[in-house]
Amino acid sequence: MDVLNIPYEKYKLANGLETILFKNNSLPFIVINIWYKTGSANEVKGKTGLAHLFEHMMFQGSKNVAKEMHFRYIQESGGTLNASTSFDRTNYFEKLPSNDLELALWLESDRMGFFIDALNQEKLDNQKSVVLNERLERYDNQPYGLAWEKIISTLYPPDHPYSWSTIGFYRDIESYTLDDVSSFFQQYYSPSNASIVIAGNFDTAKTKSLIEKYFGELESKKITSSPEVSTSFLKTIKEMTLEDKVNLERIYISWITEKAYSDDDASLEILSDVLSGSKNARLTKKLVYELELAQDVNAMQFSGKYGGHFMIAATAKPGKSLDTIKEIIFKEISILAEEQIASRELQRSKNVIKSNFVYSLQNIDTVADMLNHYNFYLHEPNSFTFDLNRYTKVNEDDIRKSVIKYLQNNFVDLRIVPVKNNGN
Amino acid sequence: MAINRSKRPQSSGDVNFKLPVILDFELNNRLNIYYCEKNDLPIVRINFLVNSGSKFDPVKFKGLSTLLTMTIDEGAGSLNAFQLSDEFEILGANFSVSSDPDISIITLQVLTENFIEALKLFSSVILKPHLNDDNFNLEKRKLLVRLEQVKAEPDYIADISYEHFLFGNQTAYSFPVLGLEQDIKNIQHQDVRHFYKEKFSPSNSSIVVVGNIDRDTIQQALNEVFGNWKNDSSTRIPEFNLQKFPKNIYIINKEDAVQTEIRIGHLTSKRNDKDFFQKQIMNLVFGGQFSSRLNLNLREKNGYTYGIHSSFSYFKEAGYFSVSTSVDSENTTNALKEIFSEITKIREGITEDELRFAQSSLTKKFPLNFETYRQISLNIRNKIFHSLPDDYYESYVDNINSISRDDVNKTAGDSIQPDALITVLVGDSKKILKQLVREEFGEVTSIGYDDIFIH
């Protein structure tokens, strides 16, 4: 499809900063999206969550930008902004009227180069407290909120960088010092470890010279090398039950699979859709509609730079047994290991995926982020068509083979059940 | 040579923005269509809006509207529920149905090449839903379990309880969209069919289309599927006798919760009242964005929360003001003190700087609200729904810029009433009560979630 071909220009500054320009003048605004090639996978035990805390600190001001002013400048100019941290990377982005491109470049370059100058204990204490509250709000106080952390810490070996969650453990968050923060900056926040995408309405020559002006003089640092990781499967089946403030029991079954963009990644994603993507999906149809054992069921393939896993979660209706649900899930898996799925099942998933590619282009922020994403994982920003073709190429037998290769191995069986002495 | 980084760079010139053109026309049966042609991607998005939200749920039938939206796509025309879903997917279409307190919305987003086929399915859901007994009962069982499930979600409990205490026991906005357990148990299949017949009619509905399709084609396509639809029903809008209640703090116990969900506010004027722009500016300064007074105080200074915001929300027949956050349990009253103190302060008005910031932010951000097919649909819906003036979007920037500091300050004094603040706290009541000094905080009521909606 033509619309999936995103024309871009990519080059490197002398200090190693990768620059990707995508011009689209249909609306009068512009997106600046920076990926630092570091995330929680670069952390060490005892200091989990540091990459994410660091992301917060990046909004606390830099040499020429006072605390709170980063947000204020962008919002005053009519822009929106945010950032996010994952296992593999940290991104920062602004979207604003095109006449304020220079403002965003000034802000981003100031914190890329001169973050340390404005760092102090008061800011760190404040953001530790904010992040602890973020953890309480989004994980500890959410029904089933601790499942992810429990699963990955059991599924991946203890030395694997995906064995702890990006938010970090409570005690680790409490322990960060100013030294932790500044050495994280020194180790990972370098122009040579980042890529910047400018997307939207701009003049190319002028934009290039502004990027050179603001980022060109920033010094590169030597980057600590990435963790070495090999895929390792579970040696035994692991079963765990956790009590939580929930009203319905839920089971999670998880298997180790493959890295992002590896050979089976796309067929595993299609498999998740075949299992739970719609009313007709196999597990949804059986568990939710025909047998009414489950209130909901969800399958997903997670994959990143250093590994991946496949997960099926099902919430039991009151009085229904998780054992029965699990039995049915495994029965379906053994059917999938023997018989190819119907060609219509496959076609349905492919058509939905194809359309979603087009729908996702509506936001220029998404396009900018995807250019950085593809550049990071595939070293080619314009990989929309390549990516879509990964799915179109999957055939019925690929799905069967993936099921055999991954879903018949050892797994983690985690159950979240209501607290026994629940007063509510 | 090092550059001078000490000052914010100047903006370079003005930006040019043209609002998308919105047309409206009627089908043969007078069904209203709002349409915007948008050709940057091969996408068509269509919304069917019908006045059948949960405010129309009769007494003892709370949950009827939601049950209709849950059942309506379980089979239509010649297709059963599974066939229908299969056909939508083969077309790569996103299809969804939802309900809010005022309206139900049926949404389709699809690639242009599949639009005409998808439109047939879409219209059959609206015109020929099966609403059969088995599907209804299955959805009803699902909804009852859903109600059980959401009781474990502190933010949901806080939102629902807050609205209930705002609107009191007697109005149609006092109840959750999902409905009440004891009512749902009594709702029967024929009630949903009756509700459908009463509400789904050309005169009670409208359609919004934003997409890569020209005016003649869309008009013809819509006339083909909807043009002969006849159903003369008249819908009575429930009466709203809204009143404010005296200041009170409600605590809903969540044993061992590590945070307290906080909602604070009261009823205010409706969306189409004259002080809308003043309130919008005041809210932006107060709690409407990251560098607002509330967030700078409770998050960036005190670290009590991951985030706090305030808003003026608008239903069709009512408006309300609210502050919303969640804080670690130990800081519940510390946070309350700061929020109450900021509420008192905002009544004294905003500064010239704050006014300029808010005006700049709102007016310059305006073009960003018209980027996606969804955003444009929402803007059109907003305009129809609140009966905003024809030139509402054309005059938006001028309207914001015409507001003076005195205007905002007068509105702040009039529209924020500390004596009428309803506070809802969802958290561990033992931890909360230990901190709450009655002399300082006034009336406190502890109540179980299950006891709130007994009527």
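**Two helices and a chain interface, term by term**

In this predicted model, helix 3 of chain B meets helix 8 of chain B through Phe115(B), Ile116(B), Leu119(B), Phe122(B), Ser123(B), Ile126(B) and Leu127(B) on one side and Ile218(B), Ala221(B), Leu222(B), Val225(B) and Phe226(B) on the other. Residues are numbered from 1 along each chain as its sequence is written, and chains are lettered from A in the order in which they are written. Side-chain values use heavy atoms, without hydrogens and water, and side-chain atom pairs count only at pLDDT 80 or more.

Q: What makes Glu74(B) and Lys279(A) a salt bridge?
A: The term asks for a side-chain nitrogen of Lys or Arg within 4 Å of a carboxyl oxygen of Asp or Glu. The closest N and O atoms of Glu74(B) and Lys279(A) are 2.8 Å apart, so the pair qualifies. The count between chain B and chain A is 11 salt bridges.

Q: What is the make-up by class of the contact of helix 3 with helix 8 of chain B?
A: There are 11 nonpolar residues, 1 polar and no charged ones. Ala, Val, Leu, Ile, Met, Phe, Trp, Tyr, Cys and Pro count as nonpolar, Asp, Glu, Lys and Arg as charged, and the others as polar, so Ser123(B) is the polar one.

Q: How many residues of chain B are in contact with chain A?
A: Contact means heavy atoms within 4.5 Å, and 84 residues of chain B are in contact with 82 residues of chain A.

Q: What is the buried area between chain B and chain A?
A: It is about 7,200 Å², 53% of it on carbon and sulfur atoms; the term means the accessible area (1.4 Å probe) lost on putting the two parts together, summed over both.

Conventions
This is a predicted model: local features need pLDDT of at least 70, side-chain atom pairs count only at pLDDT 80 or more; totals for chains, interfaces and linings use all residues. Helices (H or I, at least four residues) and strands (E, at least two) are DSSP runs, numbered from the N terminus.
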